[in-house]
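Visitor: I'd like to learn how to read a model like this one. Could you walk me through it?

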Amino acid sequence: SEQRVKLLVDWFAGWPQVMRSAAEALGWEMIAVDNRAGLGPGHRLNVQMDMLRIAPQFWRLEVAAQLEMSVDCLGPNWFGIPCTTTARSHAANSMRNGVQVWYNYRLTADEERAPQHKLGTPMGDKARETNRLLGAVCWMMEDCGESWAIENPDGQMKFLRECRQRECWLNRLDY
């Protein structure tokens, strides 16, 4: 029987050129999935898809359908979950009125790093959106039967319930 080459799937790809170049250097092809269009040069393996509008059990099926290929062609998953509310280095987490302020989106005294701002506020809603995306990613990565990696989990994301529940699977990798 014919063996199919599996494609690396870069979820929340943003600017996919760097990851695509890294994948190509290893002999892989990469599918870039993001909710925004027009980031970087066009490519036959770019997919625009809003992951919050599609249930995670259908993410891989939707990507395969948009690319007109079998879902069996989709291989390992790289998740670049938007880290605005969880990364140490984000500009929103640095200075306020000349004073160092870190993790302005989340309550650092809370062990699960709950959103600091109320529902219906831009910063509170952004933190809750990240929580929903992380929950969907965790569901999908456990269900799909392929290997996976989460980019930038070392800031506040490591305190979120979904990551703490999977701590035994998480290993830091610097590239």
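Guide: We'll take cysteines, then the core, then salt bridges. A word on the source: this is a predicted model, where local features need pLDDT of at least 70, side-chain atom pairs count only at pLDDT 80 or more, and totals for chains, interfaces and linings use all residues. Residues are numbered from 1 along each chain as its sequence is written, and side-chain values use heavy atoms, with hydrogens and water left out.

Visitor: How many disulfides does the structure hold?

Guide: A disulfide is a covalent bond between the sulfur atoms of two cysteines. The rule here asks for a pair of cysteine sulfur atoms within 2.5 Å. By that rule, the structure has zero disulfides.

Visitor: Why is there no bond between C138 and C163?

Guide: Because the sulfur of C138 is 5.7 Å from its closest cysteine sulfur, in C163, which is too far. Both residues are buried (under 20% relative accessible area; exposed is over 50%, partly exposed in between, with a 1.4 Å probe and protein chains only): C138 has a relative accessible area of 1% and C163 has 3%.

Visitor: Which residues of the largest nonpolar core touch the most other members?

Guide: First, a nonpolar core is a set of buried Ala, Val, Leu, Ile, Met, Phe, Trp, Tyr and Cys residues joined through side-chain atoms within 4.5 Å. The largest one has 28 residues, and W11, I31, W59 and F79 touch the most other members. Helices (H or I, at least four residues) and strands (E, at least two) are DSSP runs, numbered from the N terminus. At least two core residues come from each of β1 (7-11), β2 (30-34), α2 (59-67), β4 (74-79) and α3 (122-143), with α3 giving the most, seven residues.

Visitor: What is F79 in contact with?

Guide: Contact means heavy atoms within 4.5 Å. Setting aside neighbours within four places in sequence, the partners of F79 include W11, W59, V137, M140 and W148.

Visitor: And how many salt bridges are there?

Guide: Look for a side-chain nitrogen of Lys or Arg within 4 Å of a carboxyl oxygen of Asp or Glu. The count is nine salt bridges. One of them pairs E29 with R44, with the closest N and O atoms 2.1 Å apart; here E29 is partly exposed at 35% relative accessibility, while R44 is exposed at 57%.

Visitor: Which residues are joined into one network?

Guide: Start with E112 and R164, whose side chains meet at 3.8 Å, N to O. That pair links distant parts of the chain, 52 residues apart. Through shared partners, salt bridges join E111, E112, R161 and R164 into one network.
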